[in-house]
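Colleague: I'm new to this one. Could you walk me through it and tell me how you arrive at the words you use?

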Amino acid sequence: MKNLRALKEAKPFDPSWPRYSCALINRSCVLPCKMCLNWKNQVDGPGDKFKYFKKYIESLADFVEYPMEINIMGGEPLMEDWIFDLIEVIEESGFTSIISTNAYLIDDKKAKQIMNSSLRVLGISLDSIDSKIHNFYRGKPDVTQHTFEALRLLEKHKLSSRAPVVDILTLFMKKNLDGIIELVKWVDKNKFVSNVAFAALLNSILPSGTENWFNRDEYKDIWPDDAKKVHEVIDEVINMKKNGSHIVNPVSQLEAFKEYYKNPIEFIYSTPYSIRDFVIEMEPTGELYLSGYRLGSINDPETLKEKWHSKEADKIRETVAKYGSESSRSALINFICVFQEAGNSESGCSTTEKDFVDYQSRKGFNCQKQGDYRQAVEHFKKALEKRPDSPDLHIGVAYNSLKLEDYKTATQEYEKAFQLNHKFREEFIYNYNDAVRGLSEMLPDNGKLFRKETGK
Ligand code: SF4
């Protein structure tokens with residue numbers, strides 16, 4: 001079990017900022033699924049939820065230095081009309097937006113809105129391509145029909161390569177095991193759907209701490225009690241993954257699923273708790289959670305950064321590391337990035353240097369667009385620390401410095417960009433001349449020398 005050992009030995013993450021964030025924007029749902037009770041909870045509490053979540057994203061952007069993924073979840077997140085405004089806030093902050101949905105509400109209008117938005121990944125639940133099984137688990141006779149119609153409409157509105165990636169989300173459960181391989185083959189053949197991402201079934205219908213919840217009556221049609229069969233199916237999924245099938249999960253995670261399904265409680269408690277200390281969540285009420293423990297509210301006077309580095313947060317981390325709790329620990333199995341880290345894959349919860357540069361330049365451009373030239377310079381400079389030979393980043397510093405009337409920096413940065421890319425001289429010559437003119441007018445001779453030399 002080499003991969004599981006790798007996971008157990010994975011180093012804890014740098015605690016300077018969260019690595020992953022969930023925005024649980026509602027608790028209501030339109031489907032009465034067998035493995036979840038969200039649909040029974042149709043009340044999300046008072047307050048302007050968009051306002052809370054906008055503040056949450058902006059507070060994260062104040063201290064997170066990497067292009068963190070923000071997973072917009074529910075309930076059913078597409079029940080909220082303001083979700084598209086939230087996507088824009090997330091993307092403008094330089095983060096990556098992901099929605100997980102049951103697709104039941106995706107009609108022509110919504111499909112168009114989704115495909116024209118800046119969303120990066122749309123994850124659609126589909127437990128089986130056998131409609132009887134998917135409908136059974138999702139609790140309505142027309143769910144599969146809705147899902148396939150939603151996929152057709154989304155494809156119809158896919159107009160550019162910048163449209164969101166569409167993935168299928170599938171849980172390993174008792175009745176869908178026989179159809180898992182067929183589902184992967186269907187994804188492989190489908191030109192519109194990109195990947196399938198598997199997840200393990202967690203306890204979400206019995207109180208946290210219920211002993212052997214998976215053996216209880218409530219789980220008799222859901223929990224796959226034939227561990228041998230689970231192993232065989234997952235082994236075949238691993239083979240398909242190794243042969244190029246479009247499966248998101250790393251092999252190490254698929255291996256860990258096998259351990260988990262043998263005995264979830266033992267798996268959860270024997271695995272060091274190395275990730276959810278660095279996952280932050282916000283509820284629709286504005287309540288903030290670190291590792292399942294309340295960390296306050298977005299409406300508190302302290303900033304999120306202050307909360308993240310507070311004594312209270314450290315206390316939570318200590319508690320979780322020592323004792324954990326079933327509900328907070330169990331989610332570990334479904335964090336893909338932990339397994340990518342453990343397998344030393346390039347992309348994991350820690351991002352690469354390229355991710356950092358892309359993120360800082362994206363933030364730089366967004367600040368520039370909003371007229372915040374000082375912040376734009378800061379972001380381009382941070383990116384330049386990693387990529388000093390990028391002419392585009394030098395242009396970013398130059399242009400925003402020009403706007404700030406910092407002619408000296410602007411002139412120097414344009415010159416560096418021209419040295420690195422000769423074509424830029426022609427493209428940016430007017431801006432460069434403005435910078436040189438500005439600089440010369442600051443000199444004691446008040447620009448006479450500049451005018452004499454350039455004839456301007
Ligand atoms: S599993 Fe998802 S779709 Fe089903 S009730 Fe829960 S939140 Fe809704």
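**The sheet and its neighbours**

Modeller: Sure. Keep in mind that this is a predicted model. Its 9 strands make an open sheet with mixed pairing, running in the order E6-E5-E4-E3-E2-E1-E7-E8-E9.

Colleague: What makes E6 and E9 stand at the edges?

Modeller: Strand E6 (195-199) and strand E9 (293-297) each have a single partner strand, so one side of each has no neighbour in the sheet. From one strand to the next, the twist averages 25 degrees.

Colleague: How do you know that E8 and E9 pair, and in which sense?

Modeller: A pair needs at least two bridges. Strand E8 (residues 287-290) and E9 have 4 bridges, so they count as paired, and the sense is antiparallel. As an example, Leu288 has Gly296 in E9 as its bridge partner.

Colleague: Now Ile72. Where is it, and why is it called buried?

Modeller: Ile72 sits in strand E2 (residues 69-73). The cut-off for buried is 20 or more other C-beta atoms within 10 Å; Ile72 has 24, so it counts as buried.

Colleague: Which residues is Ile72 in contact with, leaving aside its neighbours within four places in sequence?

Modeller: Among them are Ala23, Ile25, Pro77, Ile83 and Leu86. As for Ser21, 51 residues away along the chain, its C-alpha atom is 8.7 Å from that of Ile72.

Colleague: And what surrounds the ligand?

Modeller: Cys29, Leu31, Cys33, Cys36, Asn38, Trp39, Gly74, Gly75, Glu76 and Asn102. That shell splits into 5 nonpolar, 4 polar and 1 charged.

Definitions and conventions
Residues are numbered from 1 along each chain as its sequence is written. This is a predicted model: local features need pLDDT of at least 70, side-chain atom pairs count only at pLDDT 80 or more; totals for chains, interfaces and linings use all residues. Helices (H or I, at least four residues) and strands (E, at least two) are DSSP runs, numbered from the N terminus. A residue is buried if 20 or more other C-beta atoms lie within 10 Å of its own, exposed if 12 or fewer, and partly exposed in between; C-beta atoms are placed from the backbone. Two residues are in contact if their C-beta atoms, placed from the backbone, lie within 7 Å. Axes are lines fitted to C-alpha atoms, for helices over the stretch in contact, and angles run from 0 to 180 degrees between N-to-C directions. A residue is near a molecule or strand if its C-beta atom, placed from the backbone, lies within 6 Å of it. Ala, Val, Leu, Ile, Met, Phe, Trp, Tyr, Cys and Pro count as nonpolar, Asp, Glu, Lys and Arg as charged, and the others, Gly among them, as polar.
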